[in-house]
Amino acid sequence: MVVQDSTDAGDARVGVQLEPFLHQVGGHLSVMKYDEHTVCKPLVSREQRFYESLPLAMKRFTPQYKGTITVHLRKDSRGHLSLVANPLKENRGPFKVSTESAAVAIWQTLQQTTSGSGGAHTLAQWQHTQLAHSLKKSSATSLLRSEFHLNAHVSSLVEDANGNQAERRSFNPWGLQCHLAHLTRLCTEYPENQLHRFLLLENVVSQYKYPCILDLKMGTRQHGDDVSEEKKARHMRKCAQSTSACLGVRICGMQVYQIDKKHFLCKDKYYGRKLSVEGFRQALHQFLHDGTRLRTELLEPIQRQLRALLSVIRNQSSYRFYSSSLLIIYDGQALPERTSEGLHPPEAPQPDHGSSSGSLSKVDIRMIDFAHTTYKGSWNEHTTYDGPDPGYIFGLENLIQILQDIQEGE
């Protein structure tokens, strides 16, 4: 949404109102939508330096870095909070938009629902159940169709850590929960006119009609070299009690489109932490299942990209990607059957999007979240490691093997 800056009647500046990114399935920092092809997130200096010095071989496996923007917190006459960014380019001519876009309308509905029940601190304490209950009662959820690029109303089904299911209308609630917590922190820790810096990054799911996303926390160690002893111990416990220790990878979030029910099935990091090795394998199988069949045509292109990434990581000496995630992405839309023009049937292996512009089964592998990444020559770095990241390599090797087992029917 583009809005006029009304802080000064004589000021003709135009700002971009950031919206919650409704396909955020993991992480804890709020990812925001800047435009159709760009997302942004709060700037962390270490992550910015990583993107600015990114090895060429890694660029195909990371979102494109688009620079930084200045963002400030706004409150309108009705008390609605928003984050407004200075645009990258001046708009030419008038630009009309609806007064309430989808994600902004949802956020404002949340504020209205909670304004009389404890203030900002209450927002941060909300769980998925209360969040969905509030949104389900709101007509604003019907506006989300454009956000998902759909022609029909689509819902999602969320499973909690205990396997209980509850329907959510039209969105993955994790991103909104992160947005709630982020705005709450800004309201309580910073003055309203405080300027903030955000990283601008490629929206890696913008090309997908029904983006199915698996967020995997990679490596056997998650804490950075710069964390406190308390945080280090907490991260070590999480790794020891999850598949991070034995596989070098654990699930941090997921959404997969179910063709039969026309909704997204969503799972969060709490679900992923409780999985056994067998549970992890079953979750991968579920991520590749559209409700009617296993998307076997995706297995080979996913493994091919993972092997290519593995080769790149093995050649990155001194890098340690602590607490970073790996996204596996594909389109949940149904594939056409074979025709006289030679289209592939759903069961046939097809090339990934990186090898054919006309590919039907687009898949993508992207590394994200580099706030704790360290490497030789990084600014003010006290610890330098030799060789490639063994924990990350361990996780990739196990991930590839499990996918291969699924492909072979084991």
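**Figure 1. Strands 4 and 5 pair as an antiparallel hairpin in this predicted model.** Strand 4 spans residues 32–35. Strand 5 covers residues 38–42. The two strands run antiparallel and are joined by 3 bridges. Between them lie 2 residues, which complete the hairpin. One facing pair can be picked out: K33 stands opposite V39 of strand 5.

**Figure 2. Strand 5 also pairs with strand 10.** Strand 10 takes in residues 195–202. Here 5 bridges link it to strand 5, and the direction is again antiparallel. T38 has E202 in strand 10 as its bridge partner. Strand 5 is mostly covered, with 5 of its 5 residues buried.

**Figure 3. Strand 11 is enclosed by the rest of the structure.** This strand runs through residues 211–218. It is largely enclosed because 8 of its 8 residues are buried. P211, I213, D215 and K217 point one way. C212, L214, L216 and M218 point the other way. Both sets are buried. In a regular strand, side chains alternate between the two faces of the sheet.

**Figure 4. Strand 11 has pairing partners in strands 12 and 15.** Strand 15 (325–331) is joined to strand 11 by 7 bridges. Strand 12 (249–258) is joined to strand 11 by 6 bridges. Strand 11 runs antiparallel to strand 15 and antiparallel to strand 12. K217 is a useful residue to centre on. In strand 15, K217 stands opposite S325. In strand 12, the bridge partner of K217 is R250. K217 itself is buried.

**Figure 5. Helix 9 crosses helix 11.** Two packed helices are described by the angle between their axes and the distance between the axes. Helix 9 comprises residues 277–287, and helix 11 residues 390–407. Their axes come within 10 Å and cross at roughly 65°. The crossing is right-handed. Helix 9 contributes F280, R281, L284 and H285 to the contact. Helix 11 meets them with L399, I402, L403 and I406. The residues of this contact divide into 6 nonpolar, 1 polar and 1 charged.

**Figure 6. Helix 9 has its buried residues on one side.** The buried residues of helix 9 are G279, F280, A283, L284 and F287. They share a side of the helix because they cover an arc of only 145° around the axis. Two of the names recur from the helix pair: F280 and L284 also meet helix 11. The buried residues pack against several elements. Among the helices there are helix 7 (243–247), helix 8 (269–273) and helix 11. Among the strands there are strand 11, strand 12 and strand 15.

**Figure 7. N398 is a buried residue of helix 11.** Is N398 buried or exposed? With a relative accessibility of 19%, N398 counts as buried, because the cut-off is under 20%. Which residues does N398 touch, leaving aside neighbours within four places in sequence? N398 is in contact with C246 and L247.

**Figure 8. The whole chain sets the context for the close-ups.** The protein has 11 helices and 17 strands. Of its 410 residues, 54% count as buried. Consider contacts between residues at least 6 apart in sequence. Of these, 75% join residues at least 24 apart.

How values were computed:
Residues numbered from 1 in each chain as written. Predicted model: local features only at pLDDT ≥ 70, side-chain atom pairs only at ≥ 80, totals over all residues. Heavy atoms only, no water. Buried < 20%, exposed > 50% of the residue type's maximum accessible area, 1.4 Å probe, protein only. Helix = DSSP H or I, 4+ residues; strand = E, 2+ residues; numbered from the N terminus. Pairing = 2+ DSSP bridges. Axes fitted to C-alpha atoms, helices over the stretch in contact; angles between N-to-C directions. Left-handed = near helix turned anticlockwise from the far one by under 90°. Contact = heavy atoms within 4.5 Å. Nonpolar A, V, L, I, M, F, W, Y, C, P; charged D, E, K, R; others polar. Arc of directions from axis to C-beta.
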